[in-house]
Amino acid sequence: MDLVLWRHAQAHDAEPGCDDLSRPLTSKGEGQAARVAKWLDRQLPDSTRVLVSPARRAEQTARALGRKFKFRDELAPEASADDALAFIKWTTENGPPHKGAVLLVGHQPMFGQIAARLLGVAEAACDMRKGAVWWLRSRHHNEVVQVSLLTVISPDLI
């Protein structure tokens with residue numbers, strides 16, 4: 001299975017008394033989302049499941065891709081890496097239960113925690129930039145789950 005983590009693009013800072021879920025992308029963030037979406041659309045299989053945090057900034061990031069998606073509370077800013085991995089049924093011992101590709105659109109630090117856990121590295125090593133994509137691939141080899149990092153793309157490099 002391919003697990004693609006796409007952190008939302010740059011958003012406006014939270015205003016006092018503002019609901020965190022309603023923060024929109026900045027104009028720079030809209031450009032970041034558009035550039036990365038164009039790259040992703042060329043790379044992702046048509047059958048990719050797209051799952052998105054209910055936060056407005058994640059929704060706007062995902063909409064740039066132009067594909068159908070579903071909102072998932074397990075990807076909300078306050079959710080944990082455990083919540084997200086449990087939802088997609090990925091365990092570190094057995095890996096994912098299915099093949100194909102899943103694109104998650106959401107937040108840091110959750111995505112960095114997911115990447116660190118699956119790659120077996122320190123969480124500090126997986127600090128995802130806004131708008132960045134981390135593409136992970138799992139496979140079973142000699143009855144062991146192996147996860148490799150296929151690519152990291154930043155909006156600044158596209």
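Strand S2, helix H2 (residues 56-63) and strand S3 together form a right-handed β-α-β unit, a good place to start our tour. Please keep in mind that this is a predicted model. From the strands we will move on to aromatic rings, a pocket and a few residues in loops.

**Strands that pair**
- Strand S2 covers residues 49-52, strand S4 covers residues 101-106, and the two pair in the parallel sense over 4 bridges.
- If you want to find this pairing in the structure, look for leucine 51, which stands opposite leucine 104 in S4.
- S2 is also joined to strand S3 (residues 70-71), with 2 bridges between them, and these strands run parallel too.
- Here valine 52 has phenylalanine 71 in S3 as its bridge partner.
- In a regular strand, side chains alternate between the two faces of the sheet.

**Aromatic pairs**
- How many aromatic pairs does the structure hold? There are 2.
- The rings of tryptophan 39 and tryptophan 135 have centres 6.3 Å apart and planes at 90°, so this pair is edge-to-face.
- This pair links distant parts of the chain: tryptophan 39 belongs to helix H1 (residues 27-43) and tryptophan 135 to strand S5 (residues 133-141), 96 residues apart.
- Are these two tryptophans buried or exposed? Tryptophan 39 is buried, with a relative accessible area of 15%, and tryptophan 135 also counts as buried, at 6% relative accessibility.
- Phenylalanine 69 and phenylalanine 71 make an edge-to-face pair as well, because their ring centres are 5.3 Å apart and their planes stand at 85°.
- Phenylalanine 69 counts as buried at 19% relative accessibility, since the cut-off for buried is under 20%.
- Phenylalanine 71, at 41% relative accessibility, counts as partly exposed; you met this residue above as the bridge partner of valine 52.

**The largest pocket**
- The largest pocket has a volume of about 160 Å³.
- Which residues line the largest pocket? They are Met1, Asp2, Pro96, Pro97, His98, Lys99, Gly100, Ser138, Arg139 and His140.
- S5 gives the most to this lining, with 3 residues.
- Sorted by class, the lining has 3 nonpolar, 4 polar and 3 charged residues.

**Backbone details in two loops**
- Most residues other than glycine have a negative phi, and most peptide bonds are trans.
- Lysine 89 has a positive phi, near 60°, although this residue is not glycine.
- You will find lysine 89 in the loop between H3 and S4, where lysine 89 counts as exposed at 57% relative accessibility.
- Where is there a cis peptide bond? One joins glutamine 108 and proline 109, with omega at about 10°.
- Proline 109 sits in the loop between S4 and H4.

**Two acidic residues in loops**
- Aspartate 73 is in the loop between S3 and helix H3 (81-87), and at 61% relative accessibility it counts as exposed.
- Measuring C-alpha to C-alpha, aspartate 73 and alanine 34 are 24 Å apart in space and 39 residues apart in sequence.
- Glutamate 123 lies in the loop between helix H4 (110-119) and S5, and counts as partly exposed at 48% relative accessibility.
- Glutamate 123 and phenylalanine 111 are 12 residues apart in sequence, and 9.8 Å apart in space from C-alpha to C-alpha.

Definitions and conventions. Residues numbered from 1 in each chain as written. Predicted model: local features only at pLDDT ≥ 70, side-chain atom pairs only at ≥ 80, totals over all residues. Heavy atoms only, no water. Phe/Tyr/Trp six-rings, centres within 6.5 Å; stacked < 30°, edge-to-face > 60°. Buried < 20%, exposed > 50% of the residue type's maximum accessible area, 1.4 Å probe, protein only. 1 Å grid on protein atoms, 1.4 Å probe; cavity = no way out; pocket = protein on both sides within 12 Å on 5 of 7 lines; lining within 4 Å. Points joined across faces, edges and corners; volume = space filled by probe spheres on them. Nonpolar A, V, L, I, M, F, W, Y, C, P; charged D, E, K, R; others polar. Pairing = 2+ DSSP bridges. Right-handed = clockwise from strand over helix to strand, strands pointing away.
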